[in-house]
Amino acid sequence: MNPQLALLQPYPFERLRALFAGVAPQPANKPINLSLGEPKHPTPPFILDALAAGAKGLANYPTTAGAPALRESIAAWLVRRHGLTALDAATQVLPVLGSREALFAFAQTVIDASRAGATVVVPNPFYQIYEGAALLAGATTHCVNSLAGNGYAPRWDAVPQTVWARTQLVYVCSPDNPTGRVMTGDDWRILFELSDRHGFVIAADECYSEIYFDEAHPPLGALAAASALGRDGYPRLLSFGSLSKRSNAPGLRSGYVAGDAALIKAFLLYRTYHGSAMSPAVAAASIAAWSDETHVRRNRTQYAEKFATLTPQVSAACPVTRPDAAFYLWARVPGDDSQFARRLYAEEAVTVLPGSYLAREADGVNPGRGYIRIALVAELIECAEAVERLVRFAQRS
């Protein structure tokens, strides 16, 4: 067996199942799950129609590089969305089976475990795939805390130079999971300067980039930030995106990687052996999805209504502010976050994710401790019912 497997920690939802073991929730309440970041708005019918129409392509093996029409549709969307002056669909874009598998596989491509102290830097809290990818590639992780006192911005400037000297890969998430913070131009400038100095690669997880609340101010993306700073060719930078949240199609498993052509070339080589070519039917549905913005704006409108309505209600009992983007509330709770979640489930049949499950102890603190992540992914009426119960529980706790 691969000895690195023993280094993996249980996934947050495994820990949640163990936390709830033996608990019978209040039977008078219908269970409502706000722990999982799985979109619940309906998948647009035109995407389903394109998926069905593309089924005739199942008679052929798909290519790992993806059909030119798919790469071109992704490139065109990226140029429109981020105001890019140039993006070569043939060399700077690669379709992937959702951002999760690509974020994991990319570390296996770029990490050189033969170099002493190979390190992957991650924000903290973080998406646990980053940690697993680093460990299974033979690297160790260095966590950079995202704390309320700094507006949940990771303090890249606080990372010791000795750590940067051995860093090969940095994962960033913007909009962030779980805080919803969006990286600024200054954040990107600092990180790019560090990358230039130390030679590490940046993997920008942007799967939440299309869930935001002001149509006039979409979140700044990694490629746009690089372009604005004159970083032609996006050196040592890849952006990872997905249709899961944007188009309410998590089961489609469709996304992209875009940026540095040299990194794309290496990643494509790895994926040729990895067996991760996209089905022609999924490709057809993806082309339809990337080519339409009407359904995306409608989706944002639903999220904006939920956050405008429910954030003030949650804040009456648990300190919280509306995030910059994404679909989570990162709420402070009294006492132990895991026990809060357990009792909330037992007494009100509402499931949330303890914040400490999303973070690691670093510099003497677990930055997720004392928080819960609330995923406002269901329809408004169901989210409102869950929030009413959560507030009721918190006020009597």
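## Cores, a small sheet and enclosed spaces

The largest nonpolar core of this predicted model has 81 residues, and Phe-106, Leu-169, Tyr-171 and Ile-374 have the most contacts inside it. A nonpolar core here is a set of buried Ala, Val, Leu, Ile, Met, Phe, Trp, Tyr and Cys residues joined through side-chain atoms within 4.5 Å, where buried means under 20% relative accessible area with a 1.4 Å probe, protein chains only. Helix α14 (residues 380–396) gives the most to this core, with 7 residues. Apart from it lies another core of 44 residues, including Trp-77 and Trp-290.

A word on the ground rules: local features need pLDDT of at least 70 and side-chain atom pairs pLDDT 80 or more, while totals for chains, interfaces and linings use all residues. Residues are numbered from 1 along each chain as its sequence is written, and side-chain values use heavy atoms, with hydrogens and water left out.

Ile-374 is a good place to look next. Beyond its neighbours within four places in sequence, Ile-374 is in contact (heavy atoms within 4.5 Å) with residues including Leu-34, Val-314, Leu-329 and Leu-390. Leu-329 also stands opposite Ile-374 in β12. The strands β9 and β12 (residues 371–375) run antiparallel, joined by 5 bridges; two strands count as paired if DSSP finds at least two bridges between them. They belong to an open sheet of 3 strands in the order β9-β12-β11, with β9 (328–332) and β11 (353–354) as the edge strands. Helices (H or I, at least four residues) and strands (E, at least two) are DSSP runs, numbered from the N terminus.

Now for the spaces. On a 1 Å grid over the protein atoms alone, a cavity is a set of points where a 1.4 Å probe fits but cannot get out, and a pocket is an open set with protein on both sides within 12 Å along at least five of seven lines; lining residues have an atom within 4 Å of a point. The structure holds 2 cavities of 30 Å³ or more.

| Space | Volume | Nonpolar lining | Polar lining | Charged lining |
|---|---|---|---|---|
| Largest pocket | About 500 Å³ | 16 residues | 6 residues | 6 residues |
| Largest cavity | About 100 Å³ | 7 residues | 2 residues | 2 residues |
| Second largest cavity | About 30 Å³ | 4 residues | 3 residues | 3 residues |

α4 gives the most to the lining of the largest pocket, with 3 residues. Among the residues lining the second largest cavity are Trp-77 and Trp-290, both also in the core of 44 residues.

Technical notes
Points joined across faces, edges and corners; volume = space filled by probe spheres on them. Nonpolar A, V, L, I, M, F, W, Y, C, P; charged D, E, K, R; others polar. Buried < 20%, exposed > 50% of the residue type's maximum accessible area, 1.4 Å probe, protein only.
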